[in-house]
Amino acid sequence: MIAPGADLKIYMATRPVDFRRGLDGLAAAVQEILGLDPYAGAAFVFRAKRADRIKILVWDGTGIVLVHKRLEGSKFVWPQVRDGVMRMSPAMFAALFEGLDWRLVRPEGARRPQLAG
């Protein structure tokens, strides 16, 4: 199970990938298409042409983890299809994984304290 903490970096590929790709193929896509290191400990989110499928690739320090989810009766909300990668917060990722509209997740504005204590 992927439990995204506040320090987990999450990247979403904005263009669909071939969902026949497995661990090695998606790790290669992270390097070639996104220009990132698949072994850096970040999570990489991929979509299929059909918006009801998602794959998440994560290096957990001991091996690569691949999660594949298909929504039944609905579709994931995706950004506009274009080349590139988009960074997501853990809260946005949690909403996406549940099939919710992650674009509605906004961080709570916190004021920085002026004094300690």
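# A chat about strands, helices and one arginine

Modeller: Let's start in the middle of this predicted model: strand β2 is covered on both faces, with Ala43, Val45 and Arg47 buried on one side and Phe44 and Phe46 buried on the other.

Colleague: Hi! Why is β2 described as largely enclosed by the rest of the structure?

Modeller: Because five of the five residues of β2, which spans residues 43–47, are buried. The side chains swap sides along it, and there is a general reason: in a regular strand they alternate between the two faces of the sheet.

Colleague: Let me step back. How many helices and strands are there in the protein chain?

Modeller: Two helices and five strands. Going along the sequence, you meet them in the pattern β-α-β-β-β-β-α.

Colleague: And what box do the C-alpha atoms fill?

Modeller: Roughly 55 × 35 × 25 Å, taken along the principal axes. The protein chain has 117 residues, and 38% of them count as buried.

Colleague: Back to the strands. Which way do β1 and β2 run, parallel or antiparallel?

Modeller: β1 and β2 run parallel, joined by three bridges. One of the pairs is Met12 with Val45 in β2.

Colleague: What about β1 and β5, parallel or antiparallel?

Modeller: Those two pair in the antiparallel sense, over four bridges. Strand β1 covers residues 10–13, and Met12 has Met86 as its bridge partner in β5. So you can find Met12 with a partner in β2, namely Val45, and with Met86 in β5.

Colleague: Which residues of β5 are on its covered face, and which on its uncovered one?

Modeller: Met86 and Met88 make up the covered face, while Val85 and Arg87 are on the uncovered one.

Colleague: OK, now β3. How many bridges does β3 make with β2?

Modeller: Five, in the antiparallel sense. A hairpin of five residues links β2 to β3, and Arg47 has Ile54 as its bridge partner in β3.

Colleague: And how many bridges join β3 to β4?

Modeller: Seven, and β3 and β4 run antiparallel. They form a hairpin with four residues between them, and Gly61 in that turn has a positive phi of about 100°.

Colleague: Is β3 enclosed or open?

Modeller: Strand β3 is largely enclosed by the rest of the structure, because six of its seven residues are buried.

Colleague: I keep looking at Arg53. Where is it?

Modeller: Arg53 lies in strand β3, which runs over residues 53–59. Its bridge partner in β4 is Arg70.

Colleague: An arginine! Why does Arg53 count as buried?

Modeller: Because its relative accessibility is 18%, and the cut-off for buried is under 20%.

Colleague: Which residues does Arg53 touch?

Modeller: Setting aside residues up to four places away in sequence, Arg53 touches several, including Phe19, Phe46, His68, Phe76 and Trp78. The side chains of Arg53 and Asp52 also share a polar contact of 3.2 Å.

Colleague: You mentioned Phe19. Where is that one found?

Modeller: In the loop between β1 and α1, the helix at 23–34. Phe19 counts as buried at 17% relative accessibility. Beyond its neighbours within four places, Phe19 is in contact with residues among them Phe46, Arg47, Arg53 and His68.

Colleague: Changing topic: which residues of α2 are buried?

Modeller: Met92, Phe93, Ala95, Leu96 and Phe97. What covers the buried residues of α2 includes β1, β2, β3, β4 and β5. After α2 comes Gly99, with a positive phi near 85°.

Colleague: And Arg106, is that one buried or exposed?

Modeller: Exposed, because its relative accessibility is 63% and the cut-off for exposed is over 50%. Arg106 sits in the segment after α2, and its C-alpha is 26 Å from that of Glu72, with their places 34 residues apart in sequence.

Colleague: One more, Thr62: buried or exposed?

Modeller: Thr62 is exposed, with a relative accessible area of 72%. You will find Thr62 in the loop between β3 and β4.

Colleague: Last thing, how many positive and negative side chains does the protein chain have?

Modeller: There are 18 positive and 12 negative ones, and the centres of the two sets lie 6 Å apart.

How values were computed: Residues are numbered from 1 along each chain as its sequence is written. This is a predicted model: local features need pLDDT of at least 70, side-chain atom pairs count only at pLDDT 80 or more; totals for chains, interfaces and linings use all residues. Side-chain values use heavy atoms; hydrogens and water are left out. Buried means under 20% relative accessible area, exposed over 50%, partly exposed in between (1.4 Å probe, protein chains only). Two strands pair if DSSP finds at least two bridges between them. A polar contact is a pair of N or O atoms within 3.5 Å; within protein, one must be able to donate a hydrogen and the other to accept it, and residues adjacent in sequence count only if both atoms are side-chain atoms. Contact means heavy atoms within 4.5 Å. Lys and Arg count as positive and Asp and Glu as negative; His and the chain ends are not counted. The place of a charge is taken as NZ of Lys, CZ of Arg, CG of Asp or CD of Glu.
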